[in-house]
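Trainee: I should like to learn how to read a protein model, feature by feature. Where may we begin?

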Amino acid sequence: MTPPRIAICVVTFNSAELVPDLVGSLPAGADGTDWHLVVADNASDDGTVAAVERWAPEATIVQTGANLGYAAGVNAAVRAAGDQDAYLILNADVRLQPGCLRTLHDALSADVGIAVPRLLDAEGELIWSMRRAPSVLRAWADAIVGAERVGRIPALGEVVTDPGLYRVAGPTDWAEGSTQLISAACWRAVGEWDESFFLYSEETDFDLRAGDEGLRTWYEPAAVAVHLEGGSAGSPALWSLLVVNRIRMFGRRHGRVSSGLFWAAAVAREGSRALLGK
């Protein structure tokens, strides 16, 4: 059987220190596939491009010329990859475990356009990576009770926090965007990632748009990856962008009244976090 042709599309921004371990994980992680690494670099100034050239000399490198954001980098990488069977959207701080990519590809089908793995953090702990579609009720439940508590109740929780659900394969409305295998058919049907988000909610938007086209996002626990998880929690600016983009994304898919209630829930949640010193 001919192995599937898969472009591993990585967006980098000052990621030089992450490149060696990322590249080192790919041969085993992508075993059983005909893979090619494509790196879209958003104007790094720390030697990221040189690191890629050193550790992965066969990779295709796209220099975007500016920090255009994650979605723009994803789109640039996929364009450069050309015709493939699927595209693995991958953060630079993800390490594929052996056989991950082929297992994800085997989960794709006529009605499954996106496959996502079981994600572990650097200590080997499970990451809550599955999500339900955002709603006004879920936003308020999160604000009042807390995401982890309500995440066990499908009607109330957006973040899936029931450990049992992470032990079995199944559909999810969307998933965190660090590691997503997208079939070529899904990419053609849905179109590119929305670059207006710059960072955060672009994967939510894409996965939900795939659902609109009848293409499911599928969680496959037999595929495993480690996500080192940098980012928004320690940065007020990035956290603000995350919250704003969640509101913008919801507003694009819902009417004015629902969007206003969702905005109010976000204000309540962030206000309570501020009072607690977060």
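**Reading the model**

Mentor: Let us begin with one residue: Tyr200 counts as buried, because its relative accessibility is 17% and the cut-off for buried is under 20%. Please keep in mind that this is a predicted model.

Trainee: Where is Tyr200 found, and what is the sign of its phi?

Mentor: The general idea comes first: most residues other than glycine have a negative phi. Tyr200 is not a glycine, yet it has a positive phi of about 80°. It is found in the loop between α7 (184-190) and α8 (202-212).

Trainee: Which phi does Ala43 have, and is Ala43 buried or partly exposed?

Mentor: Ala43 also is not a glycine, and its phi is positive, at about 60°. This residue belongs to the loop between β2 (34-41) and α2 (48-55). Its relative accessible area is 35%, so Ala43 is partly exposed.

Trainee: May we turn to the protein as a whole? How many helices and strands does it have?

Mentor: There are 10 helices and 11 strands in the protein. Along the principal axes, its C-alpha trace spans about 50 × 40 × 35 Å.

Trainee: What radius of gyration does the protein have, and what would a compact globule have?

Mentor: A compact globule of 278 residues would have a radius of gyration near 19 Å; the protein has 18 Å, which agrees. Of those 278 residues, 50% are buried. Contacts add to the picture: among those between residues at least 6 apart in sequence, 76% join residues at least 24 apart.

Trainee: What does the protein expose, and which atoms supply 56% of it?

Mentor: The protein exposes about 12,400 Å², with carbon and sulfur atoms supplying 56% of that area. As for charge, there are 23 positive and 35 negative side chains, and the centres of the two sets lie 8 Å apart.

Trainee: How should I read a strand such as β10?

Mentor: In a regular strand the side chains alternate between the two faces of the sheet. In β10, Thr179, Leu181 and Ser183 point one way, while Gln180 and Ile182 point the other way. Strand β10 covers residues 179-183, and 5 of its 5 residues are buried.

Trainee: Which strands pair with β10?

Mentor: Strand β4 (residues 86-91) pairs with β10 in the antiparallel sense over 5 bridges. Strand β6 (residues 112-120) is also antiparallel to β10, with 2 bridges. Ile182 of β10 takes part in both pairings: it is the bridge partner of Tyr87, and Ile114 stands opposite it.

Trainee: Which residues does Trp187 touch?

Mentor: Trp187 is found in helix α7 and is buried, with a relative accessible area of 11%. Not counting residues up to four places away in sequence, it touches Val74, Asn75, Val78, Tyr87, Ile182, Glu192, Trp193 and Phe206. Trp187 and Val78 are 109 residues apart in sequence, and their C-alpha atoms are 9.4 Å apart in space.

Trainee: How far apart in space are Gly99 and Val49?

Mentor: Gly99 and Val49 are 50 residues apart in sequence and 27 Å apart in space, C-alpha to C-alpha. Gly99 lies in the loop between β5 (94-96) and α4 (100-107). It counts as partly exposed because its relative accessibility is 22%. Leaving aside residues up to four places away in sequence, Gly99 touches Ala28 and Gly29.

Methods. Residues numbered from 1 in each chain as written. Predicted model: local features only at pLDDT ≥ 70, side-chain atom pairs only at ≥ 80, totals over all residues. Heavy atoms only, no water. Helix = DSSP H or I, 4+ residues; strand = E, 2+ residues; numbered from the N terminus. Rg over C-alpha atoms; globule rule 2.2 N^0.38 Å. Buried < 20%, exposed > 50% of the residue type's maximum accessible area, 1.4 Å probe, protein only. Contact = heavy atoms within 4.5 Å. Areas by Shrake-Rupley, 256 points an atom, 1.4 Å probe, with all protein chains shown as cover. Lys, Arg positive; Asp, Glu negative; His and termini not counted. Charge placed at Lys NZ, Arg CZ, Asp CG, Glu CD. Pairing = 2+ DSSP bridges.
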